[in-house]
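Trainee: I've got a structure to look through and some questions to go with it. Can we go over them together?

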Amino acid sequence: MKIGIDAGGTLIKIVRQYDNYREYETVPTTEIDKVIRWLNNHSCDDISLTGGHAATINQQLNCSAHIFVEFDAAAKGLNILLNEQGHDLDNYIFTNVGTGTSLHFSDGNTQSRVGGIGAGGGMIQGLGYLLSGIKDYEELTDIAQSGNRELIDLKVKHIYKNTEPPIPGDLTAANFGNVLHNIDVAFTASDKLACVIGLVGEVITTMSITVAREHNTEHVAYIGSSFHNNFLLRKVVEDYTILRGFKPYYVEHGAFSGALGSIILQ
Ligand code: ADP
Ligand code: MG
């Protein structure tokens, strides 16, 4: 059995690769000591590490494991998952929506980093907490799913009230730009959280399609744990990517791309 660990800012992604199958597991980075204790029961030859906390883990192992740059590991793992799931793409952008967001151009073999944004999963959790007081991730994302964005976000059609707008009326003109027009409305936590997710989704999509255009590809793969339990984020990103004329891809276990790739790179 080979073990691949992607120790990120928020979550540690673990892949166990057996001869004919894989197991996927996620542990909060706050429980890193537990993971280190578990790893110390295995041979370092079987352990591949990547992510921001990889060096921290390696220092505390009884032996020295294999360490890889997370961008290369993610590119490798994602390419395997895309192929296994029937997507044979020559080149594509991949956008890793983790605590923060990192964008890459990949030709399947090598990647180059083409951008990064501070809007991502950490923003959903942090700004989400400030607006709702909710710390628990599953609770936060559950509540957000049923939120109504209409009274908080300003759409193009809200500005072009009685005329045909020059761009689709349903596009967001200003995230949170409708709040002062509805000052007497009691916005619910659900509505506010849906708008935070809308904002993050639209920002990462805008950046993704911009770099896709720059690199002459129409394919954008979205990975990262931020899509976990958050169908709303996925829907915002998917719809907006398609609306702008590009092709979005979500692969199953995409959040484990780095952990899987680190095993393959060994
Ligand atoms: P990183 O590699 O930076 O740790 P991930 O790709 O693991 O990033 O994504 C982290 C994000 O995933 C969090 O910011 C949060 O939005 C989301 N997330 C998904 N599941 C959980 C969870 N169980 N606990 C906390 N955050 C979670
Ligand atoms: Mg990460």
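Trainee: Let's start with Arg16: is Arg16 buried or exposed?

Mentor: Keep in mind that this is a predicted model. The cut-off for buried is under 20% relative accessible area. Arg16 has 15% relative accessibility, so Arg16 counts as buried.

Trainee: Okay, and which residue does Arg16 form a salt bridge with?

Mentor: For a salt bridge, we want a side-chain nitrogen of Lys or Arg within 4 Å of a carboxyl oxygen of Asp or Glu. Here the closest N and O atoms are 2.9 Å apart. The partner has a relative accessible area of 28%, so it's partly exposed. That partner of Arg16 is Glu23.

Trainee: How many salt bridges does the structure hold?

Mentor: The pair of Arg16 and Glu23 is a salt bridge, and so is the pair of Glu202 and Arg149. Lys157 and Asp170 meet in one too. For the whole structure, the count is 13.

Trainee: Let's take Glu202 and Arg149 next. How many residues apart are they?

Mentor: Their closest N and O atoms are 2.8 Å apart. Yet the pair links distant parts of the chain: Glu202 sits in helix H7 (residues 189-214), and Arg149 is in the loop between helix H5 (137-144) and strand S9 (154-155). In sequence, that puts them 53 residues apart.

Trainee: Are Glu202 and Arg149 buried or exposed?

Mentor: We use the cut-off of under 20% again for buried. Glu202 has a relative accessible area of 14%, so it passes. Arg149 comes in at 18% relative accessibility, so Arg149 also counts as buried.

Trainee: Now for Lys157 and Asp170: why does this pair tie together parts of the chain?

Mentor: Their side chains meet in a salt bridge, 3.1 Å from N to O. Lys157 lies in helix H6 (residues 156-159), while Asp170 is in the loop between H6 and strand S10 (172-174), so the parts they tie together are 13 residues apart in sequence.

Trainee: And what about cover: are Lys157 and Asp170 buried or exposed?

Mentor: Buried needs under 20% and exposed needs over 50%, with partly exposed in between. Lys157 has a relative accessible area of 34%, so it falls in the middle class. Asp170 has 49% relative accessibility, so Asp170 also counts as partly exposed.

Trainee: Which residues are linked with Lys157 and Asp170 in a network of salt bridges?

Mentor: We already have the salt bridge between Lys157 and Asp170. Their network takes in two further names, Glu150 and Lys155.

Trainee: On to cysteines! Which ones form a disulfide?

Mentor: The rule asks for a pair of cysteine sulfur atoms within 2.5 Å, and the count comes to 1 disulfide. Its sulfur atoms are 2.0 Å apart. The two residues are Cys44 and Cys63.

Trainee: Where in the chain do Cys44 and Cys63 lie, and how many residues apart are they?

Mentor: Cys44 is in the loop between helix H1 (32-39) and strand S4 (47-50). Cys63 is in the loop between helix H2 (54-59) and strand S5 (66-67). The pair links distant parts of the chain, 19 residues apart.

Trainee: Is Cys63 buried or partly exposed?

Mentor: Its partner Cys44 has 7% relative accessibility, so Cys44 counts as buried. Cys63 is at 32%, so Cys63 counts as partly exposed.

Trainee: Which residues form a negative surface patch?

Mentor: One member, Asp136, lies in the loop between helix H4 (121-132) and H5. Asp136 has 41% relative accessibility, so it counts as partly exposed. The full set is Asp136, Glu138, Glu139 and Asp142.

Trainee: What is the phi of His253?

Mentor: His253 lies in the loop between strand S12 (247-250) and helix H9 (257-265). His253 isn't a glycine, but its phi is positive, at about 65°.

Trainee: Last one: how far apart in space are Gln266 and Leu49?

Mentor: Gln266 is in the segment after H9. In sequence, Gln266 and Leu49 are 217 residues apart. In space, C-alpha to C-alpha, the distance between them is 9.7 Å.

Technical notes
Residues numbered from 1 in each chain as written. Chains lettered and ligands numbered in written order. Predicted model: local features only at pLDDT ≥ 70, side-chain atom pairs only at ≥ 80, totals over all residues. Heavy atoms only, no water. Buried < 20%, exposed > 50% of the residue type's maximum accessible area, 1.4 Å probe, protein only. Helix = DSSP H or I, 4+ residues; strand = E, 2+ residues; numbered from the N terminus. Patch = residues over 30% accessible without salt bridge, like charges linked within 9 Å, V, L, I, M, F, W, Y side chains within 5 Å. Areas by Shrake-Rupley, 256 points an atom, 1.4 Å probe, with all protein chains shown as cover. Lys, Arg positive; Asp, Glu negative; His and termini not counted. Charge placed at Lys NZ, Arg CZ, Asp CG, Glu CD.
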